[in-house]
Amino acid sequence: MESKKIKSLIIAVLLMLNIFLTGIVITDKTAAVAAVRAMKNDLFEIMSQNGVRLSADADIESPSLPKYIMFRDLAEEKQTAEKVIGKSSAADLGGNVLYYSSDTGKATFRGTGEFDVSFEPGKFPIEDNAEQTAKNVLGKMGLTALDMLTESSREITTVTVFYAFNRIPVCNAGIVFTFSESSLIFISGQRPPGKPRIAEEPAFGAVTILMRFIDLINTEGYVCSEISSLTTCFTINDTAPGGVVLVPIWKIETDSGDYYINGLTGGPEAI
């Protein structure tokens, strides 16, 4: 009997403790929501004072992106080349350049992720249409196609495909596919060359970037009256010795055009 009373007491104490802890969590969440609301109100007021309206649809709570460093992975590179041109032989051309060749075509890959592929005439027929063919080839290379830009002349069609890394757009790296009337004949562009490593370098958040943008309006002559969207993307740069860097970028869409701000430095980026 005494044992049952003790068990009941323990259960009651645990229930009271759980209710107490739940109350703390709710209080913390309420305080956090109130802080975010106050921050938004202050931000809207500052923007308004500088003649800029911030759309309610602009997500100022979007997390900042990390900076990635990538170094060349030769095994992955050869697999990628063979997925495009088939079983191939490799030759080192020096200067961090490798050359792959097969009956289907020839490919050159550089340590910075830049590459080009040429196909023997008629060896890579168009599947359905040029856009779908480009999308399929990009998938073989392990990349996800986003936007496409297609231009056609009488005999040649070019499809420029922009892709994503970890579902985030790489905004300065379009891969160009060139087609004849019936087949793919050439590919050129830049791709992430290996496995990524996150660099321990903090990036600015959305609110800081917007404040930086206001500063650029006042000091650099940027002109806009409304910010409609705030999103993130990467640029791929060959600034790492022997590799590349994916730099986090904030894209600010306004009524006067799009602006890009470096998430590490807060400086403007030309895309």
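## The β8–β9–β10 strands

In this predicted model, F179 of β9 stands opposite L184 in β10. The two strands, β9 and β10, run antiparallel and are joined by four bridges, with β10 covering residues 184-190. A hairpin of four residues leads from β9 into β10.

F179 also has a partner in another strand: T157 stands opposite F179 in β9. That brings in β8, which pairs with β9 in the antiparallel sense over eight bridges. Here too the connection is a hairpin, this one with two residues between the strands.

## The turn between β8 and β9

What is the sign of phi for N166 in the turn of the β8–β9 hairpin? The phi of N166 is positive, at about 50°. R167 is found in the loop between β8 and β9, and its phi is near 70°, a positive value in a residue other than glycine. R167 counts as exposed because its relative accessibility is 83%, and the cut-off for exposed is over 50%.

Another positive phi in a residue other than glycine belongs to D128, with a value near 65°. D128 sits in the loop between β6 (114-119) and α3 (130-140). Is D128 buried or exposed? D128 counts as exposed, at 76% relative accessibility.

## T160, inside strand β8

Back in β8, which spans residues 157-165, T160 makes a useful stop. With a relative accessibility of 16%, T160 counts as buried, since buried means under 20%.

Which residues does T160 touch, once those up to four places away in sequence are set aside? One run of them is D147, M148 and L149, and the other is G174, I175 and V176.

## The largest pocket

If you are looking for places to probe, the pockets come next. The largest pocket has a volume of about 320 Å³ and is lined by 21 residues. Lying nearest its centre are E76, M141, G142, L143 and P192.

Which element gives the most to this lining? That is α2, with four residues. Helix α2 (74-85) and strand β8 each supply at least two residues of the lining. In terms of residue class, the lining of the largest pocket divides into eight nonpolar, six polar and seven charged residues.

## The second largest pocket

The second largest pocket has a volume of about 240 Å³. Its lining is made up of 13 residues, of which D147, P169, C171, K251 and Y260 lie nearest the centre. Two or more residues of this lining come from each of β7 (144-152), β8, β9 (168-179) and β12 (226-240).

How many residues of each class line the second largest pocket? There are nine nonpolar, two polar and two charged residues. D147, one of the residues nearest the centre of this pocket, is also among the contacts of T160.

## N262, buried in strand β14

N262 lies in strand β14 (residues 257-262). N262 is buried, because its relative accessible area is 7% and the limit for buried is under 20%. Leaving out residues up to four places away in sequence, N262 touches I209, V247, P248, I249, G267 and E269.

The side chain of N262 also reaches the backbone nitrogen of L264, at 2.7 Å. W250 is twelve residues away from N262 along the chain, and their C-alpha atoms are separated by 6.4 Å.

## I198 and its distant partners

I198 is found in strand β11 (residues 196-199). How accessible is I198? I198 is partly exposed, with a relative accessible area of 45%.

Beyond its neighbours within four places in sequence, I198 is in contact with P66, K67 and Y68. Between I198 and P66 there are 6.5 Å in space, C-alpha to C-alpha, while the two are 132 residues apart in sequence.

## The chain as a whole

Finally, the wider view. The protein chain has four helices and 15 strands. Of its 271 residues, 39% count as buried, T160 and N262 being two examples.

What share of contacts between residues at least 6 apart in sequence joins residues at least 24 apart? In the protein chain that share is 56%.

Technical notes:
Residues numbered from 1 in each chain as written. Predicted model: local features only at pLDDT ≥ 70, side-chain atom pairs only at ≥ 80, totals over all residues. Heavy atoms only, no water. Buried < 20%, exposed > 50% of the residue type's maximum accessible area, 1.4 Å probe, protein only. Contact = heavy atoms within 4.5 Å. Polar contact = N/O pair within 3.5 Å; in protein donor to acceptor, adjacent residues only side chain to side chain. 1 Å grid on protein atoms, 1.4 Å probe; cavity = no way out; pocket = protein on both sides within 12 Å on 5 of 7 lines; lining within 4 Å. Points joined across faces, edges and corners; volume = space filled by probe spheres on them. Nonpolar A, V, L, I, M, F, W, Y, C, P; charged D, E, K, R; others polar. Pairing = 2+ DSSP bridges.
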